[in-house]
Amino acid sequence: MLRSAVTIIFLLASGYFSRIQAQAQPADYHIKITEATPPARSIRGLSAVTDDIVWVSGTGGQVGRSTDGGRSWQWTRVSGCDSCDWRSLYAFDEKKAVVINAGEPAHIFMTADGGATWQRVYFNNTPGIFFDAVEFFDTQEGIAIGDPLQEQFTVLRTHDGGRTWQPDTNAPAAGKGESIFAASGTSLITIGGNRVYAATGGTVSRLHQYGDNTWKALPIPLIQGQATTGTFSIAFLNSRKGIAVGGDYKNDTLRQGNCALTSDGGRHWTLPRTAPGGFKSCVAYITPELLITTGTSGTDISENGGKDWRKIGDGFHVARRARNGSRVFLAGKTIAVLEMPAHKKGAPGKAHR
């Protein structure tokens, strides 16, 4: 009897310590820094075209380009824009990219020679002008969105690949104190040929959807009510399945109200079982079940479609999966790539970030 009891205790203890050991094992995801001292002090614009071609943009008018997967970088400062903070950019290939700054006056610049020269294609010095993000549907059609002027969000359209931009008078109305965050350029996404989703924060957090020539707004159940709260980033696999992240950037350890999931295009939302670890400024699908989110509170991974999250490393401002590849890049004060198990890589479907 005594021997049996000792055996049972030994087996229970072995199982316990095995679980502790498993929990203590190194994570199977690793964030590898590839650029430790970029000339831009803060990077929030990131556009990954392929696993090799990736562009970044940030403070000091700086734009960086890599054609070898982030191992080496070529940097340029857009002429005459030393004080511009390029919060969002869209890269078409290794030669062509468009950048837009946050703040006034507003600039959009384009390069067609890999950043060697830049052409200003839009300028606006209206008091209060503030753009947050730029995206494209294809090689010709694009959209940029900014904070409200006279209770209406600022929207620009291009139909010639970014060479010219026109104001869109059919822009969504904004509530008092409602705004868009220029935290990572991912508050705006395009879906299909003409659908647009834009997420807001401040006094209210909403998902503004454009389709069939009209805008409609749906509430997002993230923390809201203050200028520092709301939705900072959205990602969608298709027009129905998506995720919103954010929180309060001045209280970046707060886990409540920082993530929500939808399976019907934003009409209804559910909260994750295990929330990400604090404020998040960006979220992206890697595969339909594997997601990454990052912010000043750290970088988290979900392996079950956003229902549960665990921290894997330090925080960045933005994370993007290559549009035509499987590699994931991150940027903030440094630039990094996500190293992950080979069996976790795969096509994400029509992921929109």
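Two strands count as paired when DSSP finds at least two bridges between them. By that rule, β15 (residues 188-191) and β16 (residues 195-199) pair up: 4 bridges join them, and they run antiparallel. Keep in mind that this is a predicted model.

**The hairpin**

Let's stay with that pair for a moment. The strands have 3 residues between them, and Gly192 there takes a positive phi near 65°. Ile191 stands opposite Arg195 in β16. Which way do the side chains of β15 go? Leu188 and Thr190 point one way, Ile189 and Ile191 point the other, and all are buried.

**The chain as a whole**

The protein chain has 29 strands and 1 helix. Of its 353 residues, 57% are buried. Take the contacts between residues at least 6 apart in sequence: 50% of them join residues at least 24 apart. The accessible surface is about 15,200 Å², and carbon and sulfur atoms account for 52% of that.

**Nonpolar cores**

The largest nonpolar core holds 16 residues, and Ile108, Phe131 and Trp165 touch the most other members. Strands β7 (97-101), β8 (106-111), β9 (119-124) and β10 (131-136) each give two or more residues to this core. Leaving aside residues up to four places away in sequence, Trp165 touches a long list of partners, including Val98, Ile108, Val121, Phe136 and Leu156. Another core, of 15 residues, lies apart from the one around Trp165; Ile286, Ile312, Phe316 and Leu338 are among its members.

**Salt bridges**

How many salt bridges does a search of the whole structure find? The count is 9. Here are some of them:

| Pair | Closest N and O atoms |
|---|---|
| Glu289 and Lys241 | 3.7 Å |
| Arg273 and Asp308 | 2.6 Å |
| Asp300 and Lys280 | 3.1 Å |

Glu289 sits in the loop between β23 (282-285) and β24 (291-295), while Lys241 sits in the loop between β20 (229-236) and β21 (242-248), so their salt bridge ties together parts 48 residues apart in sequence. Glu289 is partly exposed, at 38% relative accessibility, and Lys241 is partly exposed too, at 28%.

Arg273, in the loop between β22 (259-262) and β23, and Asp308, in the loop between β25 (298-302) and β26 (310-313), are 35 residues apart. Arg273 has a relative accessible area of 64%, and it counts as exposed because the cut-off for that is over 50%.

What about Asp300 and Lys280: buried or exposed? Both are buried. Asp300 belongs to strand β25 and Lys280 to the loop between β22 and β23, so this pair ties together parts 20 residues apart in sequence.

Methods. Residues numbered from 1 in each chain as written. Predicted model: local features only at pLDDT ≥ 70, side-chain atom pairs only at ≥ 80, totals over all residues. Heavy atoms only, no water. Buried < 20%, exposed > 50% of the residue type's maximum accessible area, 1.4 Å probe, protein only. Contact = heavy atoms within 4.5 Å. Areas by Shrake-Rupley, 256 points an atom, 1.4 Å probe, with all protein chains shown as cover. Core = buried A, V, L, I, M, F, W, Y, C linked by side-chain atoms within 4.5 Å. Salt bridge = Lys/Arg side-chain N within 4 Å of Asp/Glu carboxyl O.
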